[in-house]
Amino acid sequence: VLSTRQMSNGGFKYWDTSTEPHLWATSMAGEVMIEAKNQGFAVHGDVLDKWIKFQTAQAKSYTHTTDRGADQQQAYRLYSLVLAGQEPTAAMNRLKEAKSISSQAKYRLAAAYKLAGKDAVADLVMDKEAIEVEGDYRTFWSRLRDEAMKLETLVLLGRIDLAMPLAKELAGSYSHAGYVTQEVAFVSSAFSRLSDAVGDKLCDVTVSYADKEIEIKEASGIEN
């Protein structure tokens, strides 16, 4: 049960024996809870409230750096808060105004502004110059995961012309048997948003599996 990993301060630990919360895992846990709640599943209110307080405090105390994906961590934290219906506007604006920002943080911050209903600001963030950085264990860094998060942002912003080539690239390199759980989760989330955006208009698909090719002429979404 997810709630058993929540600590008294509202953060979530990655290992059962951990004595401190894992900040990236905390954002992931929050996103899972929020999406589950949106789908009609029961989520304990106290668990979510404690998580929001923890995320809000972390967002306010953040000191900017692009080292090892720290700003991506902040951007994802802000995104998760917006998903939860919060408005961490001051922290979002501080990150937006940073002189240097990683590409990963830029895309996730733009997604946060879009979800907050600030489309024009999201576009401004997308126009910012950014640098590519590599994270580490603190963000469970993965190039595939980061590309999936980028795809999700492009879809949210309605930039399907840019999303489709990236989706094709991701599909060509992705295999459910060769990747870790978080990569499966983020890739699946990105393609789910893409599917919602394009609907059933793309009906000419060839799936290769076990040396066989299957043509799909019709498609429909998964009913919620």
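This is a short talk on three helix pairs and one pocket in a predicted model.

I'll start with the helix pairs. Two packed helices are described by the angle between their axes and the distance between the axes, and I'll give both for each pair.

The pair to begin with is α7, residues 143-156, and α9, residues 181-198. Their axes come within 9 Å and cross at roughly 20 degrees. Angles under 35 degrees count as roughly parallel, so α7 and α9 are roughly parallel to each other. The crossing of these two helices is left-handed. Which residues of α7 and α9 make the contact? On the α7 side they are L144, R145, A148, M149, L151, E152, V155 and L156. On the α9 side they are Q182, E183, F186, V187, S189, A190, F191, R193, L194 and A197. Sorted by class, that contact has 12 nonpolar, two polar and four charged residues.

Next, α1, which covers residues 23-38, and α2, which covers residues 45-61. Here the axes are 11 Å apart and the packing angle is about 135 degrees. Angles over 145 degrees count as roughly antiparallel, and 65 to 115 as roughly perpendicular; the α1 and α2 pair is therefore oblique. α1 passes α2 in a left-handed crossing. From α1, the contact uses L23, T26, S27, G30, M33, I34 and K37. From α2, it uses V47, L48, W51, F54, Q55 and Q58. The class split for α1 with α2 is seven nonpolar, five polar and one charged.

The remaining pair is α4, residues 89-96, with α5, residues 103-115. Their axes lie 11 Å apart, at an angle of about 140 degrees. The crossing of α4 past α5 is left-handed. M92, N93, L95 and K96 of α4 meet L109, A112 and Y113 of α5. Those residues divide into five nonpolar, one polar and one charged.

Now the pocket. I'm talking about the second largest one, which holds about 450 Å³ of space. It is lined by 14 residues, and the closest to its centre are Y14, A25, M28, A29 and F140. Which elements give two or more residues to this lining? They are α1 and α9, and both have come up already in the helix pairs. α1 gives the most, with four residues. By class, the lining of this pocket has 10 nonpolar, two polar and two charged residues.

To recap the link between the two parts: α1 packs against α2 and also lines the second largest pocket, while α9 packs against α7 and lines that pocket too.

Note on methods
Residues numbered from 1 in each chain as written. Predicted model: local features only at pLDDT ≥ 70, side-chain atom pairs only at ≥ 80, totals over all residues. Heavy atoms only, no water. Axes fitted to C-alpha atoms, helices over the stretch in contact; angles between N-to-C directions. Left-handed = near helix turned anticlockwise from the far one by under 90°. Contact = heavy atoms within 4.5 Å. Nonpolar A, V, L, I, M, F, W, Y, C, P; charged D, E, K, R; others polar. 1 Å grid on protein atoms, 1.4 Å probe; cavity = no way out; pocket = protein on both sides within 12 Å on 5 of 7 lines; lining within 4 Å. Points joined across faces, edges and corners; volume = space filled by probe spheres on them.
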